Amino acid sequence: MPHGDFSPDNRACAVASTAVPDSGIGRMLVSSRSLAEYRAMFGLTDGDLRRRILDCPGGAASLTAEVNSGGGDATACDPVYAGSTAEELAILTQVDTDRANCYVRAHPEQYRWDVFADPDDHYRSRRIAGARFAADRRAHPGRYVPGALPDLPFGESGFDLVLSSHLLFTFADRLDYAFHHAGVLELMRVTRTELRIFPLLAMGATAPYPHLEQLRTELAKAKVTTRIVEVDYEFQVGGNQMLVCAR
Ligand SMILES: C[S@@+](CC[C@H](N)C(=O)[O-])C[C@H]1O[C@@H](n2cnc3c(N)ncnc32)[C@H](O)[C@@H]1O
């Protein structure tokens, strides 16, 4: 547990910096973005939030908690929900919130400070969202479905809108093109109308995923239309576009 309210303690960042080589974040993060961040990343309207939503990967984001508490219908899916108790997940969420914040502090050139005022604000927001996720997972475990791309445990077209934040493209350093292709097709299988993916660039990169146009061409052959849409959110430098996929 960090000592201060708004930043991980120095010890946590020292541990993170030995575990995380400069070239990357290390083990894939389980991050905890808020509904406010999702609204901005995906250009979500109030009408969108009344649709049946799948958040995949859900990670420790609070979208599902916040949408359902507002009367909506959202489900989260992530492999991390398999075999971990609510307590274990809550601890992992805190550890990874510290780790992500340490990374942000160590790489200020990779971020813009419009979404968050500064690293303390980033930490505060992610801690609040992570705590909200943990409480909701405890109270409503059925909303958090274990599952992994490219093979999700849902039938066809069960959701109106699928949101996919910070897995595809973000972790292109370890997820190959075949995974991206199969992953998008699988997310499209479970949506009745639309899939939105954000961002379009890898962590630490400033240019979009290099195989994006090849992917779009192959998706078109599978009758999936794609559009790149600019959004009013840029935390990672250059990360202000989403991919909207539809049938
Ligand atoms: C950086 S987090 C993003 C979480 C959330 N969408 C957010 O933006 O805060 C990446 C998540 O992808 C999940 N993940 C890893 N492999 C996956 C797979 N094959 N299918 C679905 N999710 C996966 C991880 O468990 C992790 O929670």
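**Backbone outliers and the ligand site**

Ser157 lies in the loop that runs between β3 (144-145) and β4 (159-165). The model described here is predicted. In this model, the phi angle of Ser157 is positive, at about 55°, although Ser157 is not a glycine. Its relative accessibility is 30%. Ser157 therefore counts as partly exposed, since this class spans the range between the 20% limit for buried residues and the 50% limit for exposed ones.

Lys223 is another non-glycine residue with a positive phi, here near 70°. It is found in the loop between α7 and β6 (225-230). The relative accessibility of Lys223 is 66%. Exposed means over 50%, so Lys223 falls in the exposed class.

Cis peptide bonds were examined next. One joins Cys56 and Pro57, with omega at about 10°. Pro57 is placed in the loop between β1 (52-55) and α3 (63-69). Another cis peptide bond links Phe198 to Pro199, and its omega is about -10°. Pro199 belongs to the loop between β5 (191-198) and α7 (212-221). β5 ends at residue 198, and Phe198 is the residue joined to Pro199 by the cis bond.

The ligand sits in the largest pocket. It is surrounded by 21 residues. The closest of these are Arg33, Pro57, Asp78, Leu149 and Ser165. Pro57 thus appears twice in this account: it takes part in the cis bond with Cys56, and it is listed among the closest residues to the ligand. The shell around the ligand comprises 13 nonpolar, 6 polar and 2 charged residues.

Polar contacts to the ligand involve both side-chain and backbone atoms. In the side chain of Asp78, an N or O atom is 2.6 Å from an oxygen atom of the ligand. The side chain of Ser165 also places an N or O atom 2.5 Å from a ligand oxygen. Ser165 is the residue at which β4 (159-165) ends. Leu149 contributes through its backbone: one of its backbone N or O atoms lies 2.8 Å from a nitrogen atom of the ligand. On its own, the ligand has 600 Å² of accessible area, and the protein covers 92% of it.

Conventions. Residues are numbered from 1 along each chain as its sequence is written. This is a predicted model: local features need pLDDT of at least 70, side-chain atom pairs count only at pLDDT 80 or more; totals for chains, interfaces and linings use all residues. Side-chain values use heavy atoms; hydrogens and water are left out. Helices (H or I, at least four residues) and strands (E, at least two) are DSSP runs, numbered from the N terminus. Buried means under 20% relative accessible area, exposed over 50%, partly exposed in between (1.4 Å probe, protein chains only). A residue is near a molecule or strand if one of its heavy atoms lies within 4 Å of it. A polar contact is a pair of N or O atoms within 3.5 Å; within protein, one must be able to donate a hydrogen and the other to accept it, and residues adjacent in sequence count only if both atoms are side-chain atoms. Accessible areas come from the Shrake-Rupley method with a 1.4 Å probe; for residues, only the protein chains shown count as cover. On a 1 Å grid over the protein atoms alone, a cavity is a set of points where a 1.4 Å probe fits but cannot get out, and a pocket is an open set with protein on both sides within 12 Å along at least five of seven lines; lining residues have an atom within 4 Å of a point. A molecule sits in a cavity or pocket if more than half of its atoms lie within 2 Å of its grid points. Ala, Val, Leu, Ile, Met, Phe, Trp, Tyr, Cys and Pro count as nonpolar, Asp, Glu, Lys and Arg as charged, and the others, Gly among them, as polar.
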